[in-house]
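Let's walk through this structure together, starting from an enclosed space and moving out to the packing around it. Have the model open beside you as you read.

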Amino acid sequence: MTSWTDFTAGAPRISAIFTRRHAATGKLCLLATLRADGSPRISPIEPRVFEDRLWLIGMPDTTKFRDLHRDPRFCLHTATVDTQVGEGDAKLFGTVADVRDTDLHQRFAQDLFEEIGFDLRGETFGHFYEAHLTGASSVEIVDGHMEVGIWKPGEQERVVQKT
């Protein structure tokens, strides 16, 4: 399992792009999951980094969470409207694990309330998915050319320049 700290240490450029784009969109990302028939599904989600872990949490009993329950693989893409990717773009790949820890859930709910005022304190969470990263990539335009960042756990990120 790759922690958020391990990811940011191994992929400082990609994680900085992800963090910047995640913040710029109010934490909105696009989540790719697999439907029961194997076809892809894209859904909006607001992932959160909490206690050095990336969490995919949202409204219970939605199709995206049913997908993850059946097949834990995902891709998380920073939301963008800029076709020139002037602010960069990042994707995270991985699997999820459903963490059943009510104390953690309540700390998360308290943190969420303190940060944005959304009150889930005292609620019971159906699924509480922790993201385990298996890879990441980014795109940035630097001095008029595209730079693609690539990272896998246990490796340092590398950058491939496209002309």
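In this predicted model, β7 contributes the most to the lining of the largest cavity, supplying three residues. β7 spans 129-142, and it shares with β4 (53-56) the trait of giving at least two residues to that lining. If you want to pick out the wall yourself, select Met1, Thr2, Ser3, Trp4, Asp52, Arg53, Leu54, Glu130, Ala131 and Leu133. By character, these lining residues split into five nonpolar, two polar and three charged. The volume of this cavity is about 50 Å³, and a search of the whole structure turns up one cavity of 30 Å³ or more.

Now turn to the nonpolar packing. The largest nonpolar core holds 23 residues, and those with the most contacts inside it are Phe7, Leu56, Phe74, Leu76, Leu92 and Leu133. Among the elements that give two or more residues to this core are the helices α1 (4-10), α2 (12-24) and α3 (63-70), along with the strands β5 (73-78) and β6 (89-98). β7 again gives the most, here with four residues.

Phe74 is a good place to zoom in. Leaving out residues up to four places away in sequence, Phe74 touches Leu31, Ala32, Leu56, Leu68, Leu92, Phe93, Gly94, Thr95, Val96, Ala131 and Leu133. Apart from the largest core lies another one, of ten residues, including Trp55, Val99, Leu104 and Phe108.

Finally, an annotation to place on the chain: an unreviewed UniProt entry puts the feature "domain: Pyridoxamine 5'-phosphate oxidase N-terminal" at residues 27-116. Over residues 27-116 the chain is 26% helix and 39% strand, with the end C-alpha atoms 12 Å apart.

Methods:
Residues are numbered from 1 along each chain as its sequence is written. This is a predicted model: local features need pLDDT of at least 70, side-chain atom pairs count only at pLDDT 80 or more; totals for chains, interfaces and linings use all residues. Side-chain values use heavy atoms; hydrogens and water are left out. UniProt positions are given in the numbering used here, feature names are shortened, and annotations may be inferred rather than shown by experiment. On a 1 Å grid over the protein atoms alone, a cavity is a set of points where a 1.4 Å probe fits but cannot get out, and a pocket is an open set with protein on both sides within 12 Å along at least five of seven lines; lining residues have an atom within 4 Å of a point. Grid points are joined across faces, edges and corners, and a volume is the space filled by probe spheres set on the points. Ala, Val, Leu, Ile, Met, Phe, Trp, Tyr, Cys and Pro count as nonpolar, Asp, Glu, Lys and Arg as charged, and the others, Gly among them, as polar. A nonpolar core is a set of buried Ala, Val, Leu, Ile, Met, Phe, Trp, Tyr and Cys residues joined through side-chain atoms within 4.5 Å. Buried means under 20% relative accessible area, exposed over 50%, partly exposed in between (1.4 Å probe, protein chains only). Contact means heavy atoms within 4.5 Å.
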